[in-house]
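Please look over the sequence and the fold together before reading on. The paragraphs below are meant to be read with both in view.

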Amino acid sequence: MADSASLGDATLSLHGGAEDRRVGAPAAPPPVLSTSFFTHPNAVGFAAAEIDAATPHFYTRWSNPTLQLLETRLAALEGGEAAVSFASGMAAVTALFLDRLRAGDHLILSEVCYAGVAELAHAQLAGLGIRASFVDTSDLDAVAAAFRPDTKLVHVETPANPTLRITDIAAVAELARARGVPLSVDSTIATPLGTRPLPLGADYVIHSLTKYLCGHGDALGGAVITSAERAMSLRKESLIHLGGSLSPFAAWLIMRGMETLAPRMALHESNARRLEAWLAEHPKVARVLWPGSPRHPQHELARRQMRNFSSLLSFTLKEDNARMARQVAERLRVISPAVSLGKTKSLLFYIPTDDIISASWQMGEAAAGRYRALAGEGVFRFSVGLEDADDLIADLDQALA
C-alpha cells in the first residue's frame, strides 16, 4: 500500500499496517488467537532483553500478528514510529509510569485526570518512593514552577475528564524538552482524528482503546505510541514482565471498530454541537463545557490544537444536581445512564465533586477550590452518541422536566 504519511485518516483507520494482499488472502484480517507459534531453539531466547524488532512471534504475551497489525495502524494514525498495546488504558499508563520512573523520581501530573491514574499516583507510585505534583497543566507558569531536578516525566490529559480543560501540548512540550524531561499525553478523548500530540512535541501518546477507537463498548484495551526505541523498552520491561497483554480477539474487535472511526467521529462531533447548543439555552442548566463551542473558555486553543472536538461534554444544573441525577437516571429512555465514554450509544453519568476531590486529594486546597468553582456540587458527564440528535434532545428534555 501507499506510504502511510501520504494517506488520510479514514484510509489509515482502514488500511494502516502491512496487509496481506496476495491473491486469495482474506480482505478482512482474521484474529490470530494462538498463544504459541512455531519456532526453533536458535530463533528466540527466553530473556526479554534478547528480543528486538526482528524477533519472530513465539508467544502472545510478547507479540502476536493481530496485535502487531493493531499497533502498526495506531502508530500510523498518530504519526509515531511504533506502538505497544495493553489489556486496558490503565495497563498502558501503569506500564509507561513504571518504565520511566524509579524510587526518588518526581512526576508532574494533570491535577484533573482519570481517577484511576490519580489513585495510581497517590497509592502505588507513592509506595514505591515516586513523588507526584498535581498541577493545572493549562497554566504554563504553574507547570514551569513544578519542575524539580528529579522530575523524570510530565503526564497531561487533554481534554481532561470530566472538566474538558485543554492543555497546550506544544507549549508544555517546550517546557519539558528544555529540561530534558519526556512528555506523555493521554489523548483518549480527542482521538487521533482530533489531536496528534507527537507532531506537537510530545514523546508518548496514550489511548484507552476501550473508548472511541473501539467505539462499540465491547472490548477493553490500551496503547502507548512513541518512538521505536521507547516502544521496545516498554515491550521488554513493562509489557512482558507486568503481563498486561491485550487479548488478540479484543484487538480484532478494536480494529473492526477503527474502520468506522472517521465517520463516527464526524457524527459524534455534529451531535455534540447540537446538544451543547440546546443545553446552553436550557433554563435549568448552569453551565455546559465542550471544546468545540465558543462558550468554552479555551475554545481558541482547542481550535488550534484539535481537528475534531469529539463528543464528550459536561454540564451542571442551577440547583439540586444530586436529586436531579437520580431523576434523570430513572427517566432516560434513549440515553444510557452508564459509565465510560466514546461508544456508539449515548452515555450520561453524574459525577459528584466530592468524589473527584477524594480521588485526587493530593491536588491541594487551591486545586480543589478551582474544581469546585467549575463543577459546583457535581457534573453530568455526557458522552454524546450516534443516535438522531432530535431524539437525544427530546430524551434529555423529558428527563430534566
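The account that follows moves from the sheet to its helices, then to unusual backbone positions and the nonpolar cores.

The structure is a predicted model, in which local features require a pLDDT of at least 70 and side-chain atom pairs count only at pLDDT 80 or more, while totals for chains, interfaces and linings use all residues. Residues are numbered from 1 along each chain as its sequence is written, and side-chain values use heavy atoms, with hydrogens and water left out.

Helices and strands are named here from DSSP runs, numbered from the N terminus: a helix is a run of H or I of at least four residues, and a strand is a run of E of at least two. Strands of a sheet pair through backbone hydrogen bonds, either parallel or antiparallel. Two strands are counted as paired if DSSP finds at least two bridges between them. In this model, 7 strands form an open sheet with mixed pairing, in the order β1-β7-β6-β5-β4-β2-β3. Strands β1 (82-86) and β3 (131-135) stand at the edges with a single partner strand each, so one side of each has no neighbour in the sheet. From one strand to the next, the twist averages 20°; such angles run from 0 to 180 degrees between the N-to-C directions of axes, which are lines fitted to C-alpha atoms, for helices over the stretch in contact.

The edge strand β1 pairs with β7 (residues 222-226) in the antiparallel sense over 5 bridges. Within this pair, Ser-85 has Ala-223 of β7 as its bridge partner. At the other edge, strand β3 contains Ala-132. A residue is called buried under 20% relative accessible area, exposed over 50%, and partly exposed in between, as found with a 1.4 Å probe on protein chains only. Ala-132 has a relative accessible area of 22%, and therefore counts as partly exposed. The C-alpha atoms of Ala-132 and Leu-7 are separated by 40 Å, and the two residues are 125 residues apart along the chain.

Why is strand β4 (residues 151-157) described as largely enclosed by the rest of the structure? The reason is that 6 of its 7 residues are buried. Strand β4 runs parallel to β2 (residues 106-110), to which 4 bridges join it, and His-106 stands opposite Thr-151 of β4. Another 4 bridges join β4 to β5 (residues 183-186), again in parallel; here His-155 has Ser-184 of β5 as its bridge partner. Together, β4, helix α6 (residues 169-178) and β5 make a right-handed β-α-β unit. Right-handed means that, with the strands pointing away from the viewer, the path from the first strand over the helix to the second runs clockwise.

Two further helices lie across the sheet. Helix α3 (residues 89-100) lies across β1, β2, β4, β5, β6 (204-208) and β7, and runs at about 155° to β6. Helix α4 (residues 115-127) lies across β2, β3 and β4, at about 150° to β3.

Some backbone positions deserve attention. Most residues other than glycine have a negative phi, and most peptide bonds are trans. The peptide bond from Thr-158 to Pro-159, however, is cis, with omega near -10°, and another cis bond, with omega about 10°, joins Asn-161 and Pro-162. Pro-159 lies in the loop between β4 and α6, as does Pro-162. Thr-191, in the loop between β5 and β6, has a positive phi near 65°, and its 1% relative accessibility means that it counts as buried. Ser-340, in the loop between α11 (321-331) and β10 (347-352), has a positive phi of about 80°; with a relative accessible area of 19%, Ser-340 is buried.

A nonpolar core is a set of buried Ala, Val, Leu, Ile, Met, Phe, Trp, Tyr and Cys residues joined through side-chain atoms within 4.5 Å. The largest has 33 residues, and Leu-74 and Ile-225 are among those with the most contacts inside it. Two or more residues come from each of α2 (65-78), β7, α8 (248-258) and α9, and α2 gives the largest share, 7 residues. Contact means heavy atoms within 4.5 Å; beyond its neighbours within four places in sequence, Leu-74 is in contact with residues including Ala-83, Leu-209 and Met-258. Apart from this core lies another, of 31 residues, with Ala-190 and Ile-393 among them.
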